[in-house]
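Reader: I'm new to reading structures and I'd love a close look at one thing: the charged pairs and the strands and chain contacts around them. Could you start with a single residue and work outwards?

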Amino acid sequence: MFLARVIGRVWSTAKDPKLEGHRLLIVQPLTPEGKQTGKRIVVADSVGAGAGELVYCCRGRESSFPFLPQEVPTDATIVGIVDELHVDRTKNERC
Amino acid sequence: MFLARVIGRVWSTAKDPKLEGHRLLIVQPLTPEGKQTGKRIVVADSVGAGAGELVYCCRGRESSFPFLPQEVPTDATIVGIVDELHVDRTKNERC
Amino acid sequence: MFLARVIGRVWSTAKDPKLEGHRLLIVQPLTPEGKQTGKRIVVADSVGAGAGELVYCCRGRESSFPFLPQEVPTDATIVGIVDELHVDRTKNERC
Amino acid sequence: MFLARVIGRVWSTAKDPKLEGHRLLIVQPLTPEGKQTGKRIVVADSVGAGAGELVYCCRGRESSFPFLPQEVPTDATIVGIVDELHVDRTKNERC
Amino acid sequence: MFLARVIGRVWSTAKDPKLEGHRLLIVQPLTPEGKQTGKRIVVADSVGAGAGELVYCCRGRESSFPFLPQEVPTDATIVGIVDELHVDRTKNERC
């Protein structure tokens with residue numbers, strides 16, 4: 001999964017019927033240290049994340065699991081909101 | 001999902017039978033700000049997108065979901081047309 | 001899907017039994033304008049493409065769909081031969 | 001699979017119900033020679049790996065297999081802890 | 001699929017039970033011309049490849065197909081050993 005911040009939203013009328021009722025958000029992927037990394041993408045939301053929140057997203061086939069048994073055509077989905085994260089600096093440097 | 005603009009089309013006679021009847025379009029991936037990003041690819045279309053339209057596409061296994069129960073061998077599909085999108089500049093800078 | 005030209009072939013005796021009888025070709029991925037882009041890869045062929053032909057390939061789980069119900073362990077497959085392709089230069093520049 | 005070192009952890013209350021009870025760790029991908037390579041990501045853990053341990057992770061759809069029959073929405077999972085690894089320098093140079 | 005040379009091996013005791021009995025090798029991805037390209041990764045082996053051999057590997061969901069009906073959590077697997085490969089230089093330049 002990758003960390004990201006919610007920075008926007010997409011509105012769409014003409015879309016695949018299985019996407020009806022799912023909010024589509026724009027997120028900026030971040031490193032654990034909070035730096036921007038990689039491209040902004042459009043994601044589905046399974047947890048009710050709000051603008052500006054730090055979340056983690058799942059990519060690929062698994063990103064449709066939160067919506068099962070519906071086969072939602074999404075390839076990236078917010079699956080959790082981060083309360084807190086910790087990176088061990090010592091372990092980090094030893095790598 | 002990624003944002004993209006429809007910029008072309010591919011015609012093909014010899015192809016996998018499960019692709020029969022599906023339009024194949026060429027899209028240029030874009031950032032939410034409208035800048036070109038990444039390679040142009042060939043996508044299937046599940047929503048009837050026209051030339052020049054701003055769309056969002058789904059990659060991977062899920063890109064064949066709009067065509068279920070048919071198992072169409074596509075790895076990227078237009079799943080919606082964008083009406084409007086919004087990026088929060090403040091949230092954006094705080095990242 | 002990505003565009004590519006067939007530039008070579010691989011012969012292999014010791015291989016997964018589900019790959020028996022499938023030709024393995026080497027392709028060079030191309031942009032819609034015909035420029036080389038990205039790494040050459042080994043692909044399976046579901047349409048009988050010949051050396052030098054312009055084709056489009058499907059990656060990932062869906063690349064095994066042309067061979068269903070057989071579960072062929074391929075992650076990239078030629079799914080069509082390109083007759084003609086068109087890129088709209090105006091749309092292109094507006095992006 | 002890719003090699004990585006466990007360098008941190010993520011705590012999260014609001015998350016997809018299928019992620020309940022799964023520890024989420026932050027890992028730094030490494031080369032076989034132990035150099036950092038690529039972005040740090042959030043992974044699920046199927047083997048009880050501890051902080052600082054050298055592990056190998058599986059990406060994509062298969063990363064949810066350790067949790068079957070539960071369809072956990074994870075796209076990267078630690079599937080083993082490395083006891084020892086060996087790289088043949090001669091073979092290496094001949095490449 | 002991608003071409004690669006077998007350059008090492010990983011030993012692991014604590015691992016997902018479905019990985020028991022599968023050899024894990026380290027491979028260096030190669031171009032068809034034999035140059036190193038991309039990161040070394042850990043792969044499962046379905047064909048009994050030896051150290052130094054030139055092989056082709058399958059990534060993603062399909063890389064677990066050789067082990068069906070067992071759902072092995074691998075995202076890259078050696079599916080064949082290369083006897084010979086041919087790249088057409090003329091086709092190559094015309095690209």
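Author: Let's start with B:Asp45, which counts as buried at 10% relative accessibility. Buried here means under 20% relative accessible area, exposed means over 50%, and partly exposed is what lies in between (1.4 Å probe, protein chains only). Before going on, note that this is a predicted model: local features need pLDDT of at least 70 and side-chain atom pairs count only at pLDDT 80 or more, while totals for chains, interfaces and linings use all residues. Residues are numbered from 1 along each chain as its sequence is written, chains are lettered from A and ligands numbered from 1 in the order in which they are written, and side-chain values use heavy atoms, with hydrogens and water left out.

Back to our residue. B:Asp45 makes a salt bridge with B:Arg23, and their closest N and O atoms are 2.7 Å apart. The two sit in distant parts of the chain, 22 residues apart: B:Asp45 belongs to strand 3 (residues 41-45) of chain B, and B:Arg23 to the loop between strand 1 and strand 2 (24-30) of chain B. A salt bridge, by the rule used here, is a side-chain nitrogen of Lys or Arg within 4 Å of a carboxyl oxygen of Asp or Glu. Strands (E, at least two residues) and helices (H or I, at least four) are DSSP runs, numbered from the N terminus. Unlike its buried partner, B:Arg23 is partly exposed, with a relative accessible area of 31%.

Why would such a pair form at all? Side chains of opposite charge can pair when their charged atoms come close. Over all chains, the structure holds 15 salt bridges.

Another one is between A:Glu33 and D:Arg40, at 2.6 Å from N to O. This pair joins two chains, because A:Glu33 lies in the loop between strand 2 (24-30) and strand 3 (41-45) of chain A, while D:Arg40 lies in the loop between strand 2 (24-30) and strand 3 (41-45) of chain D. A:Glu33 is partly exposed at a relative accessible area of 42%, and D:Arg40 is buried at 18%.

Now hop over to chain C. There, C:Glu71 and C:Arg61 meet through their side chains in a salt bridge (3.9 Å, N to O). They're ten residues apart, and each lies in the loop between strand 4 and strand 5 of chain C. C:Arg61 counts as buried, at 15% relative accessibility, whereas C:Glu71 is partly exposed, at 24%.

What about the strands in chain C? Take strand 3 (residues 41-45): five of its five residues are buried. On one side you'll find C:Ile41, C:Val43 and C:Asp45, on the other C:Val42 and C:Ala44, so to speak two faces that are both covered. Strand 3 of chain C runs antiparallel to strand 2 (residues 24-30) of chain C, and four bridges join them. Two strands pair if DSSP finds at least two bridges between them. One bridge partnership here is C:Leu24 with C:Ala44. Strand 3 of chain C also pairs with strand 5 (residues 76-81) of chain C, this time in the parallel sense, over two bridges; C:Asp45 has C:Ile78 as its bridge partner there.

Chain C also meets chain B. Here 31 residues of chain C are in contact (heavy atoms within 4.5 Å) with 37 residues of chain B. The two chains bury about 2700 Å² between them, with 57% of that on carbon and sulfur atoms. Buried area is the accessible area (1.4 Å probe) that two parts lose on being put together, summed over both. The rule finds one salt bridge across this interface: B:Arg40 with C:Glu33, with 2.6 Å between the closest N and O atoms. On the side of chain C that touches chain B, strand 4 (54-59), strand 5, strand 6 (84-87) and helix 1 (89-94) of chain C each supply at least two residues. Strand 6 of chain C even pairs across the chains: it runs antiparallel to strand 1 (residues 2-11) of chain B, over four bridges. In that pairing, B:Arg9 has C:His86 as its bridge partner.
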